[in-house]
Amino acid sequence: MKKYVYIILLFLTELTYLNAQETNVPTYLNFDKPIEERINDALSRMTLAEKIAMIHAQSKFSSPGVSRLGIPEIWMTDGPHGIRPEVLWDEWDQAGWTNDSCIAFPALTCLAATWNRDMALLYGKSIGEEARYRKKDVLLGPGVNIYRTPLNGRNFEYLGEDPFLTSTMVVPYIKGVQSNGVAACVKHFALNNQEFKRHTMNPVVDDRTLYEIYLPAFKSAVQNGGAWAVMGAYNLFRDQHACHNRLLLKDILKGEWGFDGVVISDWGGAHDTKQAIFNGLDMEFGSWTNGLSAGTGNAYDDYYMAIPYLKLIQEGKVGTKELDDKIRRILRLAYRTSMNKNKPFGSLGSPEHSDAGRRIAEEGIVLLRNKGNILPIDLTKSKKILVVGENAIKMMTVGGGSSSLKAKYEILPLDGLKKRIASNAEIIYARGYVGDPTGEYNGVKSGQNLKEERPAEVLLNEAVSLAKDVDYVIFIGGLNKSDHQDCEDTDREGLELPYNQDKLIEALAKVNKNLIVVNISGNAVAMPWVNDVPAIVQSWYLGSETGNALAAVLVGDVNPSGKLPMTFGRKLTDYAPHTVGEYPGNKEQLAKSSKGSDTINVAYNEGIFVGYRWFDKEKIKPLFAFGHGLSYTTFEYGKVYADKNEISSDEQISFSINIKNTGNRDGAEIVQLYIKDIKSSLPRPVKELKGFEKVFLKAGESKNVTFTINKDALSFFDADKHEWVAEKGDFEALIGASATDIKTSVKFNLK
Ligand code: BGC
């Protein structure tokens, strides 16, 4: 009996102890409590100094937590194509870790070219897992700036020229990343459409253009993707830097869109304490200081949102309301990421990630031209194949700016082809031209020795003479990640291919009919030889699996199914910014500007007519249209039917169409819906993308595709009313295989 009393007493004591323990758990650490309650509690426990510390960097990529309270630091990483290798605390040099090699995923242009939402989810989930394994809380990506000019050095990091395509693809990417308890940081908000003078350019853009073209991807990232972080851009807008721009951050992002996450400055993008306080910047990174040696004391303390902010508060010049809002957002970020108790552990360099990278790459490669069906390569009839070009042997994961990576491996195109083809045919290689034999970024070295001393003429002649008696010539060239190519901080200097590649391609075309040109780039390039080359493939920077993916497409293991997310023009002046618009900026200001800090206006006179909207309006025949991409099979489009011919503004309308694979290979077609406003009170694009579906069809199979839209797809942004307006009248739904290949259409009326 005594024994039982003892046990009961022990049990009661334990219970009381546990209860007491539970009640002792402070609210901010009680994960049964709603996040907002935890945030309020944490905030109430923090000192002013702790708060100020939290809103700016403590190292190149981290900000402090509150060590006293057990609130962790926040760690960030680039982005957006793989997890950047670890750099030193205060320097850009490598930390020298040996466990930080990542899987390099294809650049975002390639993801956009898949036009496949599932690929965007797979991408986000996989890269998020890599970030989580590396203990990163924020991934600095995706980049969603609109492709305004093909000269922009960072287009390869973005999702193309169309607001609907970018707005759609960004959502699953973000959801995938964030399912790992890693925040996506959508960048660069906003109007960062060129790298030339990126810190001082001041785009002159009207409200309608802003809302219709340049903001939708960000809005969708925030409202549909639920992004937890947004990065301000380097440039100015309406004379105020984007990182503390009242209109962009306070009025639109946090006001109109209700964004509850953090705004992070681009590295060195903050310039003014008061604007940073009041206009919506939450975390300042990478300001002028190099960390410790520049400035006084600890230079991080000299950030605009460090001691200068503290002083203003202490002197009573500003209150703490704004500071508390910033802290609330940062704590919210912490509870979603570093303090997220449900987050998985992630994984790095896994076979699953390699596989994801390869699938995305294979789906994003675009077959631009295939005259006489010379692709896929017929291995049964090939004995000898010549591969020409520097990009066949050059690593592309190193270079290009902050998206540069230290990849666990990178299969080069030549190696991928050899692996796949060598048992069928002999593969020989000729360099053909020399581009940039170097390969280093921030101390990551490609380790390749691409030195070539022979003169250009000798290299060209060698390639041409070898090309004479082979079954196929595969030229693999394009741009690279060096300055003035596809590279951060510089823009391209022209639309043409560099390093005399045009001359080489023309010479090869003369001696071998079976010439395949593979263009590796993140941008459109001019192709003056287009009619002389039977097969042209647009490859992007495909990451670790480059060679495997490319070989699979070239030999037909994979049927190409990518389509262009941007228009390929024939010449630079086909693009609006290079005729009616300004690029790189106001000529007078550029001529007069003596200081690097002078603001340079860039008038976006073309307004909403960006990309195919401009080509349509001016009836310019593109080299390859937006949405263009061929397959090794053929598709037949049926007639489109609408489920009604009239809708009111609160109704939906659906368009259905039958698509048939009429060839003898399985394949996928990207069916595009464009809407045309037949008559409107103000100029509108001839048509705008408002839907797309990637349909996978077995040989001979057919499927119905249905698009459902509502008045949002018919609306324009009325700047005077500051709202989206759909005008009554006739519209047309156009269904096409690209922006210039409309197969069928149907009219309907908005009552
Ligand atoms: C780039 C950002 C990048 C950051 C951190 C900046 O120069 O513009 O895109 O995330 O550096 O590396």
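This passage walks through the domain layout, the contact between domain 1 and domain 3, a mixed sheet, and a few backbone oddities in a predicted model.

The chain splits into three pieces: domain 1 covers 49–88 + 104–336, domain 2 runs over 361–572, and domain 3 takes up 633–751. For domain 1 and domain 3, the centres, taken over C-alpha atoms, sit 34 Å apart. These two domains touch, with domain 1 putting 15 residues into the contact and domain 3 putting in 18 residues.

How much area do domain 1 and domain 3 bury between them? The figure comes to about 1,400 Å², and 62% of that lies on carbon and sulfur atoms. On the domain 1 side, Trp115, Phe164 and Arg208 give up the most area to domain 3, and together they make up 45% of what that side buries.

There is a polar part to this contact as well. Between domain 1 and domain 3, the count is 6 residue pairs in polar contact. As for where the domain 1 side comes from, helices α4 (108–114), α6 (163–178) and α7 (207–214) each bring at least two residues to the side that touches domain 3. Sorted by class, that side of domain 1 holds 6 nonpolar, 3 polar and 6 charged residues. The interface also has 1 salt bridge by the rule used here. Glu693 and Arg117 form a salt bridge through their side chains, with 3.9 Å from N to O; Arg117 falls in the 104–336 part of domain 1, and Glu693 falls within domain 3.

Next comes the sheet, whose strands can be followed from one edge to the other. It is open, has 5 strands in the order β21-β29-β28-β23-β24, and its pairing is mixed. The edge places go to β21 (646–647) and β24 (688–697); each has a single partner strand, so one side of each is left without a neighbour in the sheet.

Starting at the β21 edge, this strand pairs with β29 (residues 741–750) in the parallel sense, over 2 bridges. One residue of that pairing is Ile647, whose bridge partner in β29 is Leu750. On to β28 (residues 729–738): this strand runs antiparallel to β29, and 9 bridges join the two. Here Ala733 stands opposite Val746 of β29. β28 and β29 also make a hairpin, with 2 residues between them.

At the other edge, β24 pairs with β23 (residues 667–677) in the antiparallel sense, over 9 bridges. Within this pair, Gln672 has Phe692 of β24 as its bridge partner. Residue 693, the Glu of the salt bridge with Arg117, also lies in the 688–697 stretch of β24.

That leaves the backbone. Which peptide bonds are cis? One is the bond from Asp78 to Gly79, with omega near 5°. Gly79 sits in the loop between β2 (74–78) and α4, and α4 is one of the helices that supply residues to the domain 1 side facing domain 3. Another cis bond links Gly141 to Pro142, with omega near 10°. Pro142 belongs to the loop between β3 (138–140) and α6, and α6 is likewise among the helices on the side of domain 1 that touches domain 3.

Lys135 has an unusual-sounding angle of its own kind: phi is near 60°, a positive value in a residue other than glycine. Lys135 is placed in the loop between α5 (117–133) and β3.

Technical notes
Residues are numbered from 1 along each chain as its sequence is written. This is a predicted model: local features need pLDDT of at least 70, side-chain atom pairs count only at pLDDT 80 or more; totals for chains, interfaces and linings use all residues. Side-chain values use heavy atoms; hydrogens and water are left out. Two strands pair if DSSP finds at least two bridges between them. Helices (H or I, at least four residues) and strands (E, at least two) are DSSP runs, numbered from the N terminus. Domain bounds come from an automatic or database domain assignment. Contact means heavy atoms within 4.5 Å. Buried area is the accessible area (1.4 Å probe) that two parts lose on being put together, summed over both. A salt bridge is a side-chain nitrogen of Lys or Arg within 4 Å of a carboxyl oxygen of Asp or Glu. A polar contact is a pair of N or O atoms within 3.5 Å; within protein, one must be able to donate a hydrogen and the other to accept it, and residues adjacent in sequence count only if both atoms are side-chain atoms. Ala, Val, Leu, Ile, Met, Phe, Trp, Tyr, Cys and Pro count as nonpolar, Asp, Glu, Lys and Arg as charged, and the others, Gly among them, as polar.
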